[in-house]
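Welcome! Let's take a walk through this structure together, one part after another.

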Amino acid sequence: MKRILVTGALGQIGSELTMSLRERYGNDNVIASDLKTQPNGKLLDSGPFESFDCTNADALSAIVRKYKIETIYHLAAILSAVAENNPGLAWNVNINGLYNVLEVAREFDCAVFIPSSIGAFGPSTPVDNTPQDTIQRPNTMYGVTKVTGELLCDYYYKRFGVDTRGVRYPGIISNETLPGGGTTDYAVEIYYEAIKNKHYTCNLPAGTFLDMMYMPDAIKAATDLMEADPAKLIHRNAFNVTAMSIDPELLAAEISKHIPEFTIDYDIDPVKAEIAASWPNSIDDLAARKQWNWKPDYNLATMTKDMIEILSKKLL
Ligand code: NAD
Ligand code: AKB
């Protein structure tokens, strides 16, 4: 039976990944943790929760020791738009927090899952069908921390044998917890606004193609990779994974099939637009498909149907 620690468990991905891990490995074996102190009822009622700052190495080490942790899903991070506004905070959390996780994993022999991002690519990366191995010269602080994280994780695997594994997530679309300050947040907000107000003002320009994925696939990617046969993993940090490449117009058109009155207009956020313009239009996830049988279950149509059904019950 695995003993698991999830950092950043109150975030967009952590809140759903923790519940899924608890179903899989048993409630008491999955310790949720976050800097925030107030978990929602479901997370708190279903298993242990600890509040600590991942940049505090002693606090992290005490939790790993206390619960005899074997695997860490390290999700605590600062996302792209917030990172551009506060680069020092992003460096501290995304790099020093990760360093603490890797050190504690080395000491206590833990496996580590750490998400990278399409943000690890930059303006000189090939934009279409971006290969697994390619130029990575991001020009955002988020991207700098993500590339550094990928390299650090590879280093800890090669140098110390720490079982580090990661994916480069695209924008994640979900209906449980709102996203935490990223460039792709529009793709979640659009569904909430479509249901509440039948209208959405988008902060990225029409024609901004980015990879996206529905949360159930994001969870599947994390758990499948952590359970994959290590002998088959040529890459470790980090695998391109994607489910769809879409722009605001395509997303709006799909929503309109369910809500015909829905309209979209644009009020561009220049910081987010610049970040998005530096990321790929679409990435190639063949390495993940070959090495650990990655395959998404949802496309734009099936995700949109599900999002609208779930959010209509939640919001109306
Ligand atoms: P989020 O912002 O929703 O959640 C991050 C959580 O980390 C928050 O609950 C926050 O309170 C916590 N946190 C922040 N600083 C902390 C600290 N010092 N100590 C402990 N906890 C701290 O983020 P998310 O969307 O769930 O992302 C999780 C991971 O996945 C991140 O590494 C992110 O870069 C990556 N990722 C996310 C997406 C996406 O679209 N959501 C896409 C690509 C990669
Ligand atoms: C962000 O926009 O910052 C994240 C990501 C794609 O890494 N959603």
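**Where two domains meet**

A good place to begin is a charged pair: Lys42 and Glu176 form a salt bridge, with their closest N and O atoms 3.2 Å apart. Before going further, please keep in mind that you are looking at a predicted model. Side chains of opposite charge can pair when their charged atoms come close.

To see where this pair sits, look at how the chain is divided. The domain assignment gives domain 1 as residues 4–170 + 213–240, and domain 2 as 175–212 + 244–279 + 298–315. Between domain 1 and domain 2 the count is one salt bridge. The rule also finds eight residue pairs in polar contact across this interface.

Which elements of domain 1 each bring at least two residues to the side that touches domain 2? They are helix H1 (12–25), helix H4 (80–85), strand E11 (210–214) and helix H8 (215–227). Of these, H4 gives the most, with four residues. Sorted by class, this side of domain 1 has twelve nonpolar, eight polar and four charged residues.

Now step back and take in the two domains as wholes. Their centres, taken over C-alpha atoms, are separated by 25 Å. In contact with each other are 24 residues of domain 1 and 23 residues of domain 2. Together the domains bury about 2,000 Å² between them, and carbon and sulfur atoms give 60% of that area. On the domain 1 side, Gln12, Ile118 and Tyr214 lose the most area to domain 2, together 32% of what that side buries.

**Around the two ligands**

Next, turn to ligand 1, which has 27 residues around it; Gln12, Ile13, Asp34, Asp53 and Tyr142 come nearest. You have already met Gln12, as one of the residues that lose the most area to domain 2. Three polar approaches to ligand 1 are easy to look for. A polar backbone atom of Ile13 is 2.8 Å from an oxygen atom of the ligand. From the side chains, a polar atom of Tyr142 lies 2.6 Å from an oxygen atom of ligand 1, and a polar atom of Lys146 lies 2.9 Å from an oxygen atom of ligand 1.

Which residues surround ligand 2? They are Leu79, Ser80, Ser117, Ile118, Tyr142, Gly171, Gly182, Thr183, Thr184 and Trp279. Tyr142 appears again here: an N or O atom in its side chain is 2.6 Å from an oxygen atom of ligand 2. Ser80 places a polar side-chain atom 2.5 Å from an oxygen atom of ligand 2. Thr184, in turn, has a polar side-chain atom 2.8 Å from a nitrogen atom of that ligand.

**Links and loops**

Let's return to the salt bridges, of which the structure holds twelve. One of them joins Glu227 and Arg24, whose closest N and O atoms are 3.1 Å apart. Glu227 lies in helix H8 and Arg24 in helix H1, so this pair ties together parts that are 203 residues apart in sequence.

Finally, two spots in the backbone deserve a look. Most residues other than glycine have a negative phi, and most peptide bonds are trans. Against that background, notice the cis peptide bond that joins Asn237 and Ala238, with an omega of about 10°. Ala238 is found in the loop between H8 and strand E12 (239–240). The other spot is Lys68, a residue other than glycine whose phi is positive, near 50°. Lys68 lies in the loop between helix H3 (57–67) and strand E4 (71–74).

Note on methods: Residues numbered from 1 in each chain as written. Chains lettered and ligands numbered in written order. Predicted model: local features only at pLDDT ≥ 70, side-chain atom pairs only at ≥ 80, totals over all residues. Heavy atoms only, no water. Domains from an automatic or database assignment. Contact = heavy atoms within 4.5 Å. Buried area = accessible area lost by both parts, 1.4 Å probe. Salt bridge = Lys/Arg side-chain N within 4 Å of Asp/Glu carboxyl O. Polar contact = N/O pair within 3.5 Å; in protein donor to acceptor, adjacent residues only side chain to side chain. Nonpolar A, V, L, I, M, F, W, Y, C, P; charged D, E, K, R; others polar. Near = heavy atom within 4 Å.
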